[in-house]
Amino acid sequence: MKQKHRGQMSESFLTAVFLSLSGGLQDAYTYLFRGKVFANAQTGNIVLLSSNLMDGNWERVLHYLVPLCAFALGVLTAEKMQEHFRNMQRLHWRQLVVLGEVLLLFLVGFLPQEQNLLANAIVSFSCAMQVQAFRKVNGYAFASTMCIGDLRSGVEALCVWSRTREPKAKDRMLRYFGIILLFALGSGIGSKSCVWLGGRAIWISCGLLLVSFALMFIREDLEENPVIEKDLAEIRQETREIDHALRQELQEQQQELRESAAPHHR
């Protein structure tokens, strides 16, 4: 019986489900409840920042500049966490990112609207950590906190599948469109929960992230692909043959050098 490969659930589609729901909720929360600032879509913040800068609305400029800088700091923090904790045994470094995000967002739920600038900075910081730490799902590049890259990749996969009918292209297409749908669902939940719960609506995001955190304790079985296994076996055999040929050639060269050097010592 063959031993199955074991994979980390941080890159599984199931984990991406809850991350995407959380990402959509966070964006709706900051835009609808915290003064029309995007937690994730920093392109929108740059547009609004530039518009207010040109109009001389300096207070609004700060309103968008602070979350933008917080997002950049969040990316840097996630990278540093990976460098320092990637070899941890008990927890995966991405689990530390999620835990940090949960704690920060839980704190945001207590902040009044008079402190929206601080709240938006914290949410943008935590979103940046998430988008930097979780960049793949089942081997495909994806973003759990924004849709533009996923939409481009999904449409590209749709074009490939419509032309070739490759199952892999169809799988990629469905996964990308599924993630976009989940993000939209999370945004809808965020919109309604802001009406019902106000500032504490962000705690729903904390719950979704805790599910992702728990899922990452699972080691998933990766199904073996017979074609890939066959290719790997052939590559290993070719590698052994090349190694044997090189060793033999090296021995022959060393023998020739010894034989050519022998007359000079006589």
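S144 has a relative accessibility of 0% and so counts as buried (buried meaning under 20% relative accessible area, exposed over 50% and partly exposed in between, with a 1.4 Å probe and protein chains only). This serine sits in the loop between β3 (140-141) and α6, where helices (H or I, at least four residues) and strands (E, at least two) are DSSP runs numbered from the N terminus. The model is predicted, so local features need pLDDT of at least 70 and side-chain atom pairs count only at pLDDT 80 or more, while totals for chains, interfaces and linings use all residues. Residues are numbered from 1 along each chain as its sequence is written, and side-chain values use heavy atoms, with hydrogens and water left out.

**Overall make-up**

- The protein chain holds 9 helices and 4 strands, and read along the sequence these elements follow the pattern β-α-α-α-α-α-β-β-α-α-α-β-α.
- Of the 266 residues in the protein chain, 41% are buried.

**Annotated transmembrane regions**

- An unreviewed UniProt entry places the feature "transmembrane region" at residues 61-79, 91-111, 173-189 and 201-218; such positions are given in the numbering used here, feature names are shortened, and annotations may be inferred rather than shown by experiment.
- The span of residues 173-189 is 100% helix and 0% strand in the model, and its end C-alpha atoms lie 24 Å apart.
- Residues 201-218 are 78% helix and 0% strand, with 28 Å between the end C-alpha atoms.

**Helices α1 and α5**

- Helix α1 (residues 13-33) has 21 residues, which should span 30 Å at 1.5 Å a residue, and its end C-alpha atoms are indeed 30 Å apart; the expected span is 1.5 Å times one less than the number of residues.
- Most of α1 is covered, since 16 of its 21 residues are buried, and just after this helix G35 takes a positive phi of about 90°.
- Helix α5, with 18 residues, reaches 26 Å from its first C-alpha to its last, close to the 26 Å expected at 1.5 Å a residue.
- Because 16 of the 18 residues of α5 are buried, this helix is largely enclosed by the rest of the structure.

**Packing of α3 against α5**

- The axes of helix α3 (residues 58-85) and helix α5 (residues 116-133) come within 7 Å and cross at roughly 35°; axes are lines fitted to C-alpha atoms, for helices over the stretch in contact, and angles run from 0 to 180 degrees between N-to-C directions.
- The crossing of α3 with α5 is right-handed, a term that applies if the near helix is turned clockwise from the far one by less than a right angle, whereas an anticlockwise turn makes a crossing left-handed.
- By class, the contact of α3 with α5 has 16 nonpolar, 6 polar and 1 charged residues, where Ala, Val, Leu, Ile, Met, Phe, Trp, Tyr, Cys and Pro count as nonpolar, Asp, Glu, Lys and Arg as charged, and the others, Gly among them, as polar.
- G74 is found in helix α3 and counts as buried at 0% relative accessibility.
- The C-alpha atoms of G74 and C127 are separated by 7.5 Å, although these residues are 53 apart along the chain.
- The C-alpha atoms of S144 and Q130, 14 residues apart along the chain, are separated by 7.7 Å.

**Salt bridges**

- The count comes to 3 salt bridges, each being a side-chain nitrogen of Lys or Arg within 4 Å of a carboxyl oxygen of Asp or Glu.
- An α-helix has 3.6 residues a turn, so residues three or four places apart point the same way.
- K80 forms a salt bridge with E83, with the closest N and O atoms 3.8 Å apart, and these partners, 3 residues apart in helix α3, are separated by about one helical turn.
- Both ends of that bridge are partly exposed, K80 with a relative accessible area of 40% and E83 with one of 49%.
- E156 forms a salt bridge with R152 at 3.7 Å between the closest N and O atoms, and the two lie 4 residues apart in helix α6 (residues 148-164), about one helical turn.
- E156 is partly exposed, with a relative accessible area of 42%, whereas R152 is exposed at 51%.
- The side chains of D171 and R175 meet in a salt bridge at 3.0 Å, N to O, and here too the partners are about one helical turn from each other, being 4 residues apart in helix α7 (residues 167-197).
- D171 is partly exposed, with a relative accessible area of 29%, and R175 is partly exposed at 22%.
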